[in-house]
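Got your viewer open and a selection box ready? Load the model and let's walk through it stop by stop.

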Amino acid sequence: MLKHCGEFQIALKHLQLALLYTYPSTFSELQVKFQIAHLYEVQNKHKAAKDGYEFLLNEKNISLELKADVYRQLGWMYHCVECLGEKKEREANALNFLQKSIEADPKSGQSLYLLGRCYAGINKVHDAFLAYRNSVEKSEGNADTWCSIGVLYQQQNQPTDALQAYICAVQLDKDHKAAWTNLGILYESCGQLRDAYACYLNATKQISFQKSSLFRRKQAIRMKKDTIGLSKGLSQRISFLEGQLSQAPLPSITSKRRQLCSIEEAWNLPISLEMNSRQQQTAQMLPRQISKQSPIQGPPPPYPHSQLSQSPIPAKRIKEDGSSQQEIIQNNVQLSSQLHPNLINISDSLNQRNFNAMPEGNKTSEQSVVDTFDDISNDIYKQSETIKLERLSHDALSNSEDSRHNDYNGGGASELSTTFKIQMDSKQLMAAVKLLPIDEPPVHCTVLQVNAPPPSPPDCPPQKLTRDQLLPPTPSVHLENKKNAFSPQLQEFCLKHPIAVVRGLAGALKLDLGLFSTKTLVEANPDHSVEVRTQVHQSPDENWDTSQGKRVWACISHRSHTTIAKYAQYQASSFQDSLKLILPQDESDKVFPGSQVMSDSDSKDSVSNSNINLKRKKHKINSKMLRFGTNVDLSDEKKWKPQLTELQKLPAFARVISAANMLSHVGHVILGMNTVQLYMKVPGSRTPGHQENNNFCSININIGPGDCEWFAVPDAYWGGVHNLCEKNNISYLHGSWWPVLEDLYKENIPVYRFIQKPGDLVWVNAGCVHWVQSVGWCNNIAWNVGPLTARQYSLAIERYEWNKVQAFKSIVPMVHLSWNLARNIKVSDTKLFELIKMCLLQTLKNVLHIQEYVKSKGVEIRFNGRGKNEASRYCGQCEVEVFNVLFIKEQEKRHVVHCLSCALKLSPSLQGIVCLEEYHLSELQRVYDSFTLHRTQGLAYTQ
């Protein structure tokens, strides 16, 4: 129960106590261990879950039933969880484990169904069909599976068979909205508009019925706002067909022959011989042991996290006041994206319910119906599928709810899950907040989903990489002209890879890179400030400890400041010094750009000499210090107008300021992120390893004349890099580190390595770990961008929350940014909309709760407002972002902003602390209510 409600830590505690319980109990020890492994799975701790399941398989006394369950879980994890390896290998493992599950329990219709899903995922349509049909037999046939079979037929351009499959679905369940919709799509594609019109009407009738039923059953939740767009996609299509049919001539005997029989005729037709023969083929081709009938199996509980779907176990539908149909419809939005993108597929439905055992609040889900039909006009939303199994007893299986809403709802017993949902309007939210206790201060606000655990570094993908795979080629593209630079394919290419090099950009766009040369910078603003990092000169592959004589991760540098003019003198003089060292040498002994610059006494030695001993090599590496000019601020438009104007030549997705760039909506300057920074380098200048602030993408252009060498690790492996930092006693976020490449390779972490030449643009995608060293004398310019994608936003808020845990300041105020996005843009991506809306919900709830708490303390809240382009507020103690409600305490004659938690530490009664409000509640309510999913035209089909 605790696991079902999202109370994972408490659930784990009780399960571990159960292992110590020696008296007879319902669950065996192995079943309890299965539940613990499953608990890890629902928390997305996939490595721990996988280890737990594999441990069970090694137990000699494991029952066949439990073994089947374990194989099924492992198989579905490999199908759904990307971090378990490359897709091809994962699919092979998934098929293997699911087949073993069927061997262990031949009566398992669930495993057959999942086997069909895996076959569909690799486009083995015939095998998927066979598995589906056998699943139908095991589960006594149901509408959902027949609807999935119809999709397969329609994908294979077999409209007659698809028609009969859909007819089977609606005969088994006359209220099956998805089957009616798919049937309408099929008829419309065949030009039979009247039949399509009739099917769409049947689908919308079921919507109307469900809305009225929901309103009667849960009057406490007002759904007027939620149901506004409920059947919008279908309604638009119906209106279109009504217009077409009103102008169409009446059918006559000379009319063109119909491709499909009408809906009335199809209803009375028997199942075709072909479908019967395929059913017989299925029984012959699958193993003999799976031809037996099996009892109906129940679905597992839903995941409480994002991007997860229900376990698709087809079974007989139970009808009671329309509730069961509603529960099924809420699951219909989850189908593997390998099937036809224009079909509503019911494969993911979990329609067998232990209905009478369910709490009243779980029998229907108002918001699930809303979300299902909201998705009808959105075909860009895709979710990965994950299932889990939980046994309540030997005879009864657990209940299933809408997994998409469990992204935000932990379960029926959780106060948050039953009270706060993104479908609520602001008035409902305010009413719900008033029910929260105010005797204790509100907990820290999180912008993640309700009941989601704090972010943590992920496990690396488990697939063992070859030496070649550990050194992957860097994705790169060469631009020939301006048309190439502005093509949408370039942006798609960049977004598709962890890091990418766009070569020849400056030439294609005719960028005047000379505007960023040291000479021009000195002429423009010689006294402009430059931050200087003094570093040890070393080769890119090495990082030595000066005292211990060994390779280390710690990257030491000392900070100081100078001016552009003074650094330019140093840059030029270092170049002149290098010429003095190089010119007397033979050609074979010359120091190539980027290798270490040696002292006079060592200049005769070639750096390529492999016989040089370790001690001498260490001495040479550490004998030269360099100064790296970094973080030169080019944000002042008055000082740097020519330079900033030149960058407007870039394509929109790469510009510093763009409507499609999230960071352009922050509303104030974040130096180096939504402004340009310049770096002035001599050979060996290092930018240590890091991910960009809040995991935003970044742009870096090499001005030249020298090259830079880049190293990069895909974001899926950042947890492994984090662990290596910890192993080397360096803070991943606060420390300065230069990875030892062999350490990465030993941990199965791949590294991109490439040269950035003058005029090349490097795109660093969200979350990519990277470090850079200059090969020659050069300048670079860089800034960050935030594409309006769900992935970018999700990674940004995850890092925002992890920074809180690590006591690291997020310089991108994600809450402030999210509210500005809600004000400024229209979002048509369902996933991005849900993530932003959840942030608005969580922060508005927190603001309301804090205000109620403060009022209970007798503290007056004064309105302060915000100035235009005023920076976001951060707590002066813990440096977390403070949104709307500010607690001001005078310290050392300065007024310092605090969060509620830090304010209470200073004054538990809040006496002597001024409480200010930056926005009127009415404004926040207006923004929250106005932020809705923007609909695209036409009828799209839900997966």
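Start with the whole chain shown as a surface: its accessible area comes to about 40400 Å², and 52% of that belongs to carbon and sulfur atoms. Areas here are Shrake-Rupley values with a 1.4 Å probe, and for residues only the protein chains shown count as cover. Bear in mind that this is a predicted model, where local features need pLDDT of at least 70 and side-chain atom pairs count only at pLDDT 80 or more, while totals for chains, interfaces and linings use all residues. Residues are numbered from 1 along each chain as its sequence is written, and side-chain values use heavy atoms, with hydrogens and water left out.

Now switch to cartoon. The chain holds 33 helices and 19 strands; these are DSSP runs numbered from the N terminus, helices being H or I over at least four residues and strands E over at least two. Of the 943 residues, 58% count as buried, meaning under 20% relative accessible area, with exposed over 50% and partly exposed in between (1.4 Å probe, protein chains only). Take the contacts between residues at least 6 apart in sequence: 79% of them join residues at least 24 apart. A contact means heavy atoms within 4.5 Å.

**Stop 1: S63**

Select S63, in the loop between helix 3 (46–57) and helix 4 (64–80). It is partly exposed, at 36% relative accessible area. Add A104 to the selection: the two are 41 residues apart in sequence, yet their C-alpha atoms sit 9.1 Å apart.

**Stop 2: H558**

Next, pick H558 in strand 4 (residues 557–563). Its relative accessibility is 51%, so it counts as exposed. Which residues does H558 touch, leaving aside neighbours within four places in sequence? They are V532, R533 and T534. For V532, 26 residues away along the chain, the C-alpha separation from H558 is 8.0 Å.

**Stop 3: the second largest pocket**

Turn on your pocket display and go to the second largest pocket, with a volume of about 1300 Å³. Of its 45 lining residues, the closest to the centre are N631, T687, P688, H690 and N693. For the record, a pocket is found on a 1 Å grid over the protein atoms alone, as an open set of points with protein on both sides within 12 Å along at least five of seven lines, and lining residues have an atom within 4 Å of a point. Points are joined across faces, edges and corners, and the volume is the space filled by probe spheres set on them.

Strand 7 (residues 686–690) gives the most to the lining, with five residues. Colour the lining by class and you get 17 nonpolar, 20 polar and eight charged residues. Here Ala, Val, Leu, Ile, Met, Phe, Trp, Tyr, Cys and Pro are nonpolar, Asp, Glu, Lys and Arg are charged, and the others, Gly among them, are polar.

**Stop 4: backbone oddities**

Time for some torsions. Most residues other than glycine have a negative phi, and most peptide bonds are trans. Zoom in on N631, in strand 5 (residues 625–633), where phi is near 55°. N631 is partly exposed, at 30% relative accessible area. Then move to N695, in the loop between strand 7 and strand 8: phi is near 60°, and the residue is buried at 4%.

Carry on to G704 and P705, which are joined by a cis peptide bond with omega about 5°. P705 lies in strand 8 (residues 697–705).

**Stop 5: helix 27**

Select residues 718–727. Seven of the 10 residues of helix 27 are buried, so the helix is largely enclosed by the rest of the structure. Those buried residues are W718, G719, G720, V721, H722, L724 and C725. What do they pack against? Show strand 9 (708–713), helix 28 (741–746), strand 12 (769–774) and helix 29 (790–805). Just after the helix, N729 takes a positive phi of about 60°.

**Stop 6: S872 and the cysteines**

Pick S872, in the loop between strand 14 (861–863) and strand 15 (873–874). It is buried, at 12%. Beyond neighbours within four places in sequence, S872 contacts H668, P813, H816 and R866.

Finally, select every cysteine. A search of the whole structure finds zero disulfides, a disulfide being a pair of cysteine sulfur atoms within 2.5 Å. For C445, the nearest cysteine sulfur is that of C839, 7.2 Å away. C445 counts as buried at 18% relative accessibility, and C915 is buried too, at 1%.

Conventions. On a 1 Å grid over the protein atoms alone, a cavity is a set of points where a 1.4 Å probe fits but cannot get out, and a pocket is an open set with protein on both sides within 12 Å along at least five of seven lines; lining residues have an atom within 4 Å of a point.
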